[in-house]
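Morning, everyone. Please have a look at the sequence and the model on the screen, and then I'll walk you through the fold, the core and the empty spaces.

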Amino acid sequence: RADVYGLGALLYELLTGAPPLDPERLRAAPLTEALRVVREVDPPRPSARRAAALERPSPELDWVVMKCLE
């Protein structure tokens, strides 16, 4: 599961130019809160963010990325 999540996070960053979760928020939070955010907070779909690598990420890429981050 960790490998699949890591691949999804990497693909998310390649598509959007930003990590799926705000790194500053995670660094500032206590460990238990950071773990809760990773488990329970869904990042916005890649197509909802400004795409760095693609003009418009396809819905299929959104689905793959979000499934990996699930």
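Along the sequence, the pattern reads α-α-α-α. That is 4 helices and 0 strands. Keep in mind that this is a predicted model. The protein chain has 70 residues, and 24% of them count as buried. Now take the contacts with a separation of 6 or more: 57% of them join residues 24 or more positions apart.

Next, the core. Which residues make up the largest nonpolar core? There are 5: Ala9, Tyr12, Leu15, Val65 and Leu69. Two elements give two or more residues each, helix H1 (2-16) and helix H4 (59-69). H1 has the largest share, with 3 residues.

Let's turn to H4 itself. Buried here are Asp62, Val65, Cys68 and Leu69. Why do these residues lie on the same side of H4? Because they cover an arc of only 140 degrees around the axis. The general rule helps here. An α-helix has 3.6 residues a turn, so residues three or four places apart point the same way. On the other side of H4, Pro59, Glu60 and Trp63 are exposed. And what covers the buried residues of H4? The cover includes H1.

Two residues of H4 deserve a closer look. Start with cysteine 68, which sits in helix H4. Leaving out residues up to four places away in sequence, cysteine 68 touches Val4, Tyr5 and Gly8. Look at cysteine 68 and glycine 8 on the screen. They are 60 residues apart in sequence, yet 4.8 Å apart in space, C-alpha to C-alpha.

Now leucine 69. With the same kind of neighbours left out, up to four places away, leucine 69 touches Tyr5, Gly8, Ala9, Tyr12, Pro20 and Pro43. Leu69 is also one of the core residues.

On to empty space. Rolling a probe the size of a water molecule over the atoms shows where empty space is left. First, the pockets. The largest pocket holds about 190 Å³ of space. Its lining is Arg1, Ala2, Val4, Tyr5, Val38, Lys67, Cys68, Leu69 and Glu70. H1 and H4 are the elements that give two or more residues to this lining. By class, the lining has 6 nonpolar residues, no polar ones and 3 charged ones.

Then the cavities. How many cavities of 30 Å³ or more does the structure hold? The count is 1. About 50 Å³ of space lies in the largest cavity. Lining the largest cavity are Tyr5, Pro20, Leu21, Val38, Val41, Asp42, Pro43 and Leu69. Of these, 7 are nonpolar, none is polar and 1 is charged. Leu69 turns up in the pocket lining and in the cavity lining. So do Tyr5 and Val38.

Last stop, a loop. Aspartate 22 lies between H1 and helix H2 (23-28). Is aspartate 22 buried, partly exposed or exposed? Aspartate 22 counts as partly exposed, because its relative accessibility is 46%. Its C-alpha atom is 9.1 Å from that of proline 43, and the two residues are 21 apart along the chain. Proline 43 came up before, as a contact of leucine 69 and in the lining of the largest cavity.

That's my tour. Over to you for questions.

Note on methods
Residues are numbered from 1 along each chain as its sequence is written. This is a predicted model: local features need pLDDT of at least 70, side-chain atom pairs count only at pLDDT 80 or more; totals for chains, interfaces and linings use all residues. Side-chain values use heavy atoms; hydrogens and water are left out. A nonpolar core is a set of buried Ala, Val, Leu, Ile, Met, Phe, Trp, Tyr and Cys residues joined through side-chain atoms within 4.5 Å. Buried means under 20% relative accessible area, exposed over 50%, partly exposed in between (1.4 Å probe, protein chains only). Contact means heavy atoms within 4.5 Å. On a 1 Å grid over the protein atoms alone, a cavity is a set of points where a 1.4 Å probe fits but cannot get out, and a pocket is an open set with protein on both sides within 12 Å along at least five of seven lines; lining residues have an atom within 4 Å of a point. Grid points are joined across faces, edges and corners, and a volume is the space filled by probe spheres set on the points. Ala, Val, Leu, Ile, Met, Phe, Trp, Tyr, Cys and Pro count as nonpolar, Asp, Glu, Lys and Arg as charged, and the others, Gly among them, as polar. The arc is that of the directions from the helix axis to the C-beta atoms.
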